[in-house]
Amino acid sequence: MNERMQQLLNYTRREFFQRAGMGVGGAALTTLLANDLLGNIPTGTNPMAARQSHFAPKAKNVIFLHMVGAPSHLDLYDAKPKLQELDGELVPDKLWEGLRLAFIREQPKLMGSPFAFKRQGEAGIPISELMPHLGSVSDELCMIHSLKTDHFNHAPAQLFFQTGFSRFGRPSLGSWVNYGLGSENSNLPGFVVLITGNVAGAGNSLWGSGFLPSIYQGVEFRSQGDPVLFLSNPKGMTGEDRKRIIDSVNHLNKVQLADVGDPEIATRINQYEMAYRMQTAVPELMDISNEPKHIHEQYGTEPGKASFANNCLLARRLVERGVRFVQLFDQGWDHHGGLVNGLKRKCKQVDQPIAALIKDLKQRGLLDDTLVVWGAEFGRTPMVQGDRKSPGRDHHKDAYSVWMAGGGVKRGFAYGKTDDIGFNVAEKPMHVNDFHATLLHLLGMDHERLTFKFQGLDMRITGVAGNVVPEIIA
């Protein structure tokens, strides 16, 4: 009998269970760490597969329209007759005392809107003369007049509006939705980003995945050149060549994934395979020239050109194909001066295509399942900034307007109210955390249960706050 066998025979029963217990404990620890790393997504499964929501959803898809720079809600949606009466008067001392604004340093004067408002539709929602097309679909809108945020500088406020936190490194709303629900289209990303103008100050973190596996981040589609960078085959390489390379690389990746369980390897596998399928799906999607003439007239689209109108039409085509979350960023709404001409120009660019998007979704039977959201990182002050000959409005975080349409929200409905000059919320405040919680609820997800284990904590987009606002849900 060899020495090793003799040692095994000499083990006492207690020693055997002690040593075995340490092995089982190690295996259990490995499993727990793997679950922590993967966010409870089993290795070997498709991380982008469609998943069940927590409860029956009102909406299946989201089209989120973010007006970068923050338009003046007081000149678009929140009519204030009293502010018109007080135009040119100094801001009351009780409001000015201790007030901190982004740029205004001396006690300013109030400024009424230079634009007329008209009650639109059967519900009589007031909408500015700058948005006549939107007025034609006002009975589809759920207007929120009492949104509040925590930040009045663009980048932190943009991050807060899209991620629930003002610092970099957190998953965006679209990434949370992508992670929670997966995708219904295996040939396109579950989260697509379309941009007009420059990228917002907070950069691509606005559609990043933060600590979530990177497969859930947004994918930017471009209007010119390759719709997605590096999607086309290099010169001299055929589709068959590329497929052989992808298959060979992914075989090695799958061996490594089975060994270490790193979710980024699963992301790499999925992205290689997705890129190959997208070579066919994306060019067909992006070619809007095959849309009928009346659709182009309705949206104001021009095939082959970069425009917000084209992006709105693409948004419809994306949700039509099962893309879960479509994010449109439109830059150029930061009007510290030149407010009158600046708002006229921007509203002319977006008014018709937004109204067309809502009408198009409705006539195709998609609006009930698609939540359209319009908003920005914060609002604008009721006081003037700069020269009265070319006035502007400063940033304002304490009260502003956003709206939703379709996807289970009440139609022709206004929620919340600001005071007589639009400075503070007077009724039914809604914080950005509440806004996120409600949006996720409409998608059938409980914001307190949509979590991801990171650094030992169950992270969520609403942090330790957020309440669903049932009053706006149909």
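The following exchange concerns salt bridges in a predicted model of a protein chain.

Biologist: How many salt bridges does a search of the whole structure find?

Modeller: Side chains of opposite charge can pair when their charged atoms come close. Such a pair is counted here when a side-chain nitrogen of Lys or Arg lies within 4 Å of a carboxyl oxygen of Asp or Glu. Searched in this way, the whole structure yields 20 salt bridges.

Biologist: Which helix holds both Glu85 and Lys82?

Modeller: Glu85 forms a salt bridge with Lys82, and their closest N and O atoms are 3.6 Å apart. The two residues are three positions apart, about one turn of the helix. Both belong to helix α3, residues 81-85.

Biologist: Is Glu85 buried or exposed?

Modeller: A residue counts as exposed when its relative accessible area is over 50%. The value for Glu85 is 57%, whereas its partner Lys82, at 36%, is partly exposed. Glu85 therefore counts as exposed.

Biologist: How many residues apart in sequence are the parts that Arg411 and Glu140 tie together?

Modeller: The side chains of Arg411 and Glu140 meet in a salt bridge, with 3.1 Å from N to O. Arg411 lies in the loop between β11 and β12, and Glu140 in the loop between α5 and β4, so the pair ties together parts whose separation in sequence is 271 residues.

Biologist: Which residues are linked with Glu320 and Arg321 in a network of salt bridges?

Modeller: Arg321 forms a salt bridge with Glu320, the closest N and O atoms being 3.9 Å apart. Both are partly exposed, Arg321 at 25% and Glu320 at 36%. The network links these two with Glu284, Glu291, Arg316, Arg317, Asp360 and Arg364.

How values were computed:
Residues are numbered from 1 along each chain as its sequence is written. This is a predicted model: local features need pLDDT of at least 70, side-chain atom pairs count only at pLDDT 80 or more; totals for chains, interfaces and linings use all residues. Side-chain values use heavy atoms; hydrogens and water are left out. Helices (H or I, at least four residues) and strands (E, at least two) are DSSP runs, numbered from the N terminus. Buried means under 20% relative accessible area, exposed over 50%, partly exposed in between (1.4 Å probe, protein chains only).
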